Amino acid sequence: WNKCFYRKDIGGKALAKKLAKPSKPLVGIVMGSDSDLPTMRAASDFLQSVGIPYEMTVASAHRTPERAAEYAKTASARGLKMIIAGAGMAAHLAGVLASHTDLPVIGVPLDASSLQGMDALLATVQMPPGIPVATMGIGKSGAKNAAVLALRILALNDHTLAKELVNFRENMVREVEEKAKRIQ
Ligand code: RP5
């Protein structure tokens, strides 16, 4: 699988040590096509900004069903804690991945057809009882929220990530307050 390790720039000896031993990815980002990459970058960019190691690849529920199944079946053994799956049109990717793993799967419906993502939203969200997909909003904001949700889940058991979550939220408050000042 395509690996995309990331370590936050911490500098000095700690960085040298970490670079010698790459972090294992905790989150897998899967998309149905390479045409989804510009949107799904919103997820990987966020994970990178908070220092969550991830891997990213393409697997399609329809064009490469065996690759998609294999990815999900081996995800837990590779150390992944959850999967973010983005797909457009008849977006069955997140559901298919969820059917082959017990890891939490976060689905991101993408706008890839004349139905502007409504097709993907319904295909992703409307799962039969027993196989859940945590479905985000359509497009880039959904992709970013998938990564923010991943941070929230991982922060439950990780003090460093819990601090990242607090920083992220405080920065959001500061940004809104700055913007509010400018419109007074
Ligand atoms: C979906 O079909 C993919 O996730 C993508 O959003 C859409 C179109 O794929 P391409 O024809 O651009 O490869 O399966």
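Helix α6 spans residues 140-155, 16 residues in all. From first C-alpha to last, α6 reaches 23 Å, close to the 22 Å expected at 1.5 Å a residue. The model is a predicted one.

Which residues of α6 are buried? They are Gly142, Ala143, Ala146, Ala147, Ala150, Leu151 and Leu154. The background is simple: an α-helix has 3.6 residues a turn, so residues three or four places apart point the same way. The buried residues of α6 pack against two other helices, α2 (37-50) and α7 (159-182), and against the strands β2 (27-31), β4 (82-88) and β5 (105-110).

Now the whole chain. The protein chain has seven helices and six strands. Along the sequence, the order is β-α-β-α-β-α-β-α-β-α-β-α-α. Of its 184 residues, 38% are buried. Among contacts with a separation of 6 or more, 68% join residues 24 or more positions apart.

Strand β2 is one of the elements that α6 packs against. Five of the five residues of β2 are buried, so the strand is largely enclosed by the rest of the structure. In a regular strand the side chains alternate between the two faces of the sheet. In β2, Val27, Ile29 and Met31 point one way, while Gly28 and Val30 point the other way. Strand β2 runs parallel to β3, and five bridges join them. Through one pairing, Gly28 has Glu55 of β3 as its bridge partner.

Next, the ligand. Met31 of β2 is one of the residues around the ligand. The others are Gly32, Ser33, Ser35, Asp36, Ser60, Ala87, Gly88, Met89, Leu110 and Ala112. By type, this shell divides into five nonpolar, five polar and one charged.

Asp36 deserves a closer look. Asp36 sits in the loop between β2 and α2. Is Asp36 buried or exposed? Asp36 counts as buried because 23 C-beta neighbours lie inside 10 Å, and the cut-off for buried is 20 or more. Setting aside neighbours within four places in sequence, Asp36 contacts Met31, Gly86, Ala87, Gly88 and Leu110. Of these, Met31, Ala87, Gly88 and Leu110 also belong to the residues around the ligand.

The UniProt record, an unreviewed entry, lists Ser33, Asp36 and Arg63 under "binding site". Ser33 and Asp36 are among the residues around the ligand in this model. Arg63 lies in the loop between β3 (54-58) and α3 (65-75). Arg63 is exposed because it has 11 other C-beta atoms within 10 Å, where the cut-off for exposed is 12 or fewer.

Conventions
Residues are numbered from 1 along each chain as its sequence is written. This is a predicted model: local features need pLDDT of at least 70, side-chain atom pairs count only at pLDDT 80 or more; totals for chains, interfaces and linings use all residues. Helices (H or I, at least four residues) and strands (E, at least two) are DSSP runs, numbered from the N terminus. The expected span of a helix is 1.5 Å times one less than its number of residues. Two residues are in contact if their C-beta atoms, placed from the backbone, lie within 7 Å. A residue is near a molecule or strand if its C-beta atom, placed from the backbone, lies within 6 Å of it. Ala, Val, Leu, Ile, Met, Phe, Trp, Tyr, Cys and Pro count as nonpolar, Asp, Glu, Lys and Arg as charged, and the others, Gly among them, as polar. UniProt positions are given in the numbering used here, feature names are shortened, and annotations may be inferred rather than shown by experiment. Two strands pair if DSSP finds at least two bridges between them.
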